[in-house]
Amino acid sequence: MRILDFEDHVAQELARASLVSPRWNLRWATIILTVLTVVALILTAALDVTCLPGLLLGALALAAGVGLAYTEWRYRANRSLRNQLKAGLRGQNRMTEILSTLPDDYYLLNNL
């Protein structure tokens with residue numbers, strides 16, 4: 001059997017529903033901004049001056065934390081969609097395995 005593969009929309013949708021990149025980026029942004037805020041506030045206390053950059057960093061850290069919380073909420077809300085897409089991918093792969101025993105007279109059009 002000959003297999004003609006097209007663009008795998010199910011895998012792309014699964015990647016989008018997993019939110020892997022935004023979740024990791026927001027986690028790192030939150031950690032880095034929180035550390036910078038703490039350092040700025042410690043320096044402010046040590047130098048006994050007001051620190052506008054420390055307050056701005058704190059606001060950015062808070063915004064990143066809120067963004068992270070929202071992204072995690074969206075990730076958890078998409079659990080059933082991710083499970084459906086994973087099952088679809090398993091079915092596609094299993095179907096290819098089953099039909100691979102056919103002779104070369106047959107064509108399988110994947111992801112059409």
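This is a short walk through one helix pairing, a group of salt bridges and two long-range contacts. Please keep in mind along the way that the model is predicted.

Let us begin with a pair of helices. Two packed helices are described by the angle between their axes and the distance between the axes. Here the partners are helix α1, which covers residues 9–18, and helix α4, which covers residues 79–99. Their axes lie 9 Å apart and make an angle of about 155°. Angles over 145 degrees count as roughly antiparallel, and α1 and α4 are therefore roughly antiparallel to each other. If you turn the model to look at the crossing of α1 and α4, you will find that it is left-handed.

Which residues bring these two helices together? On the α1 side they are Val10, Ala11, Glu13, Leu14, Ala17 and Ser18, and they meet Leu81, Arg82, Leu85, Lys86, Leu89 and Gln92 in α4. Sorted by character, the residues of this contact comprise seven nonpolar, two polar and three charged.

Glu13 is a good residue to follow onward, as it also leads us to the salt bridges. A search of the whole structure finds five of them. In one, Glu13 pairs with Arg16, and the closest N and O atoms are 2.2 Å apart. The two residues sit three positions apart in helix α1, so about one helical turn separates Arg16 from Glu13. Glu13 has a relative accessibility of 38%, so it counts as partly exposed.

Now move to Glu72, where a salt bridge reaches across the chain. Glu72 pairs with Arg27, with 2.9 Å between the closest N and O atoms. This pair links distant parts of the chain, since Glu72 belongs to helix α3 (residues 52–77) and Arg27 to helix α2 (residues 20–47), 45 residues apart. Are the two partners buried or exposed? Glu72 is buried, because its relative accessible area is 12%, while Arg27, at 25% relative accessibility, counts as partly exposed.

Glu72 has another partner in Arg76, and the side chains of Arg76 and Glu72 meet in a salt bridge at 3.9 Å, N to O. A salt bridge is counted within 4 Å. Arg76 and Glu72 are four residues apart in helix α3, so they too are separated by about one helical turn. Arg76 is exposed, with a relative accessible area of 52%. Step back and a network appears: Arg23, Arg27, Glu72 and Arg76 are joined into one by salt bridges that share partners.

Two further contacts show how residues apart in sequence come together in space. Ile31 lies in helix α2, and it counts as partly exposed because its relative accessibility is 46%. The C-alpha atom of Ile31 is separated by 7.8 Å from that of Ala61, although their positions lie 30 residues apart along the chain.

The other contact involves Leu102, which you will find in the loop between α4 and β2 (107–110). Leu102 counts as partly exposed, at 31% relative accessibility. Its partner is Met1: the two are 101 residues apart in sequence, yet 5.1 Å apart in space, C-alpha to C-alpha.

Conventions:
Residues are numbered from 1 along each chain as its sequence is written. This is a predicted model: local features need pLDDT of at least 70, side-chain atom pairs count only at pLDDT 80 or more; totals for chains, interfaces and linings use all residues. Side-chain values use heavy atoms; hydrogens and water are left out. Axes are lines fitted to C-alpha atoms, for helices over the stretch in contact, and angles run from 0 to 180 degrees between N-to-C directions. Angles under 35 degrees count as roughly parallel, over 145 as roughly antiparallel, 65 to 115 as roughly perpendicular and the rest as oblique. A crossing is left-handed if the near helix is turned anticlockwise from the far one by less than a right angle, and right-handed if clockwise. Contact means heavy atoms within 4.5 Å. Ala, Val, Leu, Ile, Met, Phe, Trp, Tyr, Cys and Pro count as nonpolar, Asp, Glu, Lys and Arg as charged, and the others, Gly among them, as polar. Buried means under 20% relative accessible area, exposed over 50%, partly exposed in between (1.4 Å probe, protein chains only).
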